[in-house]
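Got a new model on the screen and wondering what the words used for it rest on? Let's go through it in questions and answers.

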Amino acid sequence: MLAPWAAQAQTTVVEIGDPESTTTQYTLPVNMYYSYSLTQQIYTADEIGMAGTITSIAFEDTYSNSFSMEGIKMYMMNVDKESFESNMDMVAIDDATLVWEGTFGATEAGWITIELDTPFEYDGSSNLLVCCYDPTRGYPGTSWKFRTTATEAKLGIAFYSDDYVPDLDDLTSWSDRKASYSYRNNIQLEIFPVGGPICEKPEALTANGEPTDTEFSFTIEGGSGLYNIELKAGSGDWTSYATNFNQTTVNLSILEGNTAYQVRVQSVCDGGATSGWKTLNFTTQNPCAAPTNLQITDITTESATLS
């Protein structure tokens with residue numbers, strides 16, 4: 001599945017997918033039949049094999065006739081996610097990078113290479129999310145297909161519709177057609193590799209009991225042993241909680257009660273290199289909630305006679 005097949009100067013091209021696959025689909029990277037679509041695909045760190053700057057991506061068109069779709073947007077993101085568990089399991093792309101916007105098209109069959117407007121910094125330890133967004137009502141038809149390779153897990157997902165444009169701010173609200181797929185596009189990634197070894201990402205974040213209304217404790221497993229930690233409340237922004245933290249037990253304090261939080265941790269390695277993030281979600285208790293373990297005790301009041 002992984003084939004670094006060319007290198008020139010400092011550039012490496014990595015091809016992912018079975019080049020002998022005869023399976024073709026019109027559903028990815030954009031849906032060629034429906035007016036609007038939003039798709040996501042996961043490519044793993046093991047398949048990519050290196051950290052570096054991604055400068056282009058290519059998809060293999062298998063139909064000889066030309067097509068042109070204007071206004072397509074592509075996002076990339078380093079993610080922990082390993083598969084899509086359901087048709088509703090899309091990744092929120094608030095923190096994704098808009099890497100390209102333009103006309104997606106071809107005049108003949110073959111690889112369609114997209115030179116990214118904004119090169120993407122791939123960390124080498126996370127998986128890569130590739131998201132394509134078509135909000136412009138273009139539909140060449142089901143004859144236009146792209147080479148795909150079957151996957152054991154569901155590594156592709158899509159929303160598609162003739163009537164509704166996907167809402168990027170709320171991917172769970174769109175109630176039209178959705179699907180998750182046990183296949184992905186064959187792709188080629190052009191990468192400028194970074195020097196030195198890849199910084200190892202933490203393997204897991206494990207809660208140490210339930211959070212209270214003001215505190216939460218968790219343990220970091222794996223990684224380099226030196227960590228950056230960031231915290232996010234609700235839909236707010238990520239804020240730094242600790243840098244170059246050298247312990248595996250983290251005690252978060254001065255939290256707001258009854259609030260959904262995300263905490264994320266990355267390794268820090270020699271020379272200041274950093275890994276991808278590992279994320280854990282938790283919700284603090286409501287400080288005003290009624291107690292749930294009350295016991296009723298009989299109380300006898302005795303009277304005294306004063307003399």
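Q: What makes residues 1-9 a stretch to handle with care?
A: This is a predicted model, where local features need pLDDT of at least 70, side-chain atom pairs count only at pLDDT 80 or more, and totals for chains, interfaces and linings use all residues. pLDDT is the predictor's confidence in each residue, from 0 to 100, and over residues 1-9 it stays under 50. The model does have 25 contacts beyond four places in sequence for that stretch, a contact being heavy atoms within 4.5 Å. Where pLDDT is low, the predicted coordinates should not be read in detail.

Q: Where else does pLDDT stay under 50, and how many contacts beyond four places in sequence go with it?
A: Over residues 301-307, and there the model has zero such contacts.

Q: What is the mean pLDDT of the chain, and which elements have the lowest and highest means?
A: The chain averages 88, with 89% of its residues at 70 or more. Strand β1 (residues 2-8) has the lowest mean of the elements, 40, and strand β13 (residues 183-185) the highest, 98. Strands here are DSSP runs (E, at least two residues), numbered from the N terminus. Residues are numbered from 1 along each chain as its sequence is written, and side-chain values use heavy atoms, with hydrogens and water left out.

Q: How do you know that Cys199 and Cys269 form a disulfide?
A: The cut-off is a pair of cysteine sulfur atoms within 2.5 Å, and these two sit 2.0 Å apart, so they qualify. A search of the whole structure finds one disulfide. The link of Cys199 and Cys269 is right-handed, with 85 degrees about the S-S bond. Cys199 lies in the loop between β14 (187-193) and β15 (204-207), and Cys269 in the loop between β20 (260-267) and β21 (278-283), so the pair ties together parts 70 residues apart in sequence.

Q: Why is Cys199 called buried, and what is Cys269 called?
A: Buried means under 20% relative accessible area, exposed over 50%, and partly exposed in between (1.4 Å probe, protein chains only). Cys199 has 3%, so it is buried. Cys269 has 25%, so it counts as partly exposed.

Q: Why is there no bond between the sulfurs of Cys131 and Cys132?
A: The sulfur of Cys131 is 6.8 Å from the closest cysteine sulfur, that of Cys132, which is too far for a bond. Cys132 is in no disulfide. Cys131 is buried at 1% relative accessible area, and Cys132 is buried at 2%.

Q: Why is Ala92 called partly exposed?
A: Its relative accessible area is 46%, which falls between the two cut-offs, so partly exposed is the label. Ala92 is found in the loop between β6 (67-79) and β7 (97-106). Not counting residues up to four places away in sequence, Ala92 touches Met77 and Leu171.

Q: What makes β18 and β21 edge strands?
A: The open sheet has four strands in the order β18-β17-β20-β21, with antiparallel pairing. β18 (239-245) and β21 each have a single partner strand, so one side of each is left without a neighbour in the sheet.

Q: How do you know that β17 and β18 pair?
A: Two strands pair if DSSP finds at least two bridges between them. Four bridges join β17 (residues 227-233) to β18, so they pair, running antiparallel. Glu230 stands opposite Ser240 in β18.
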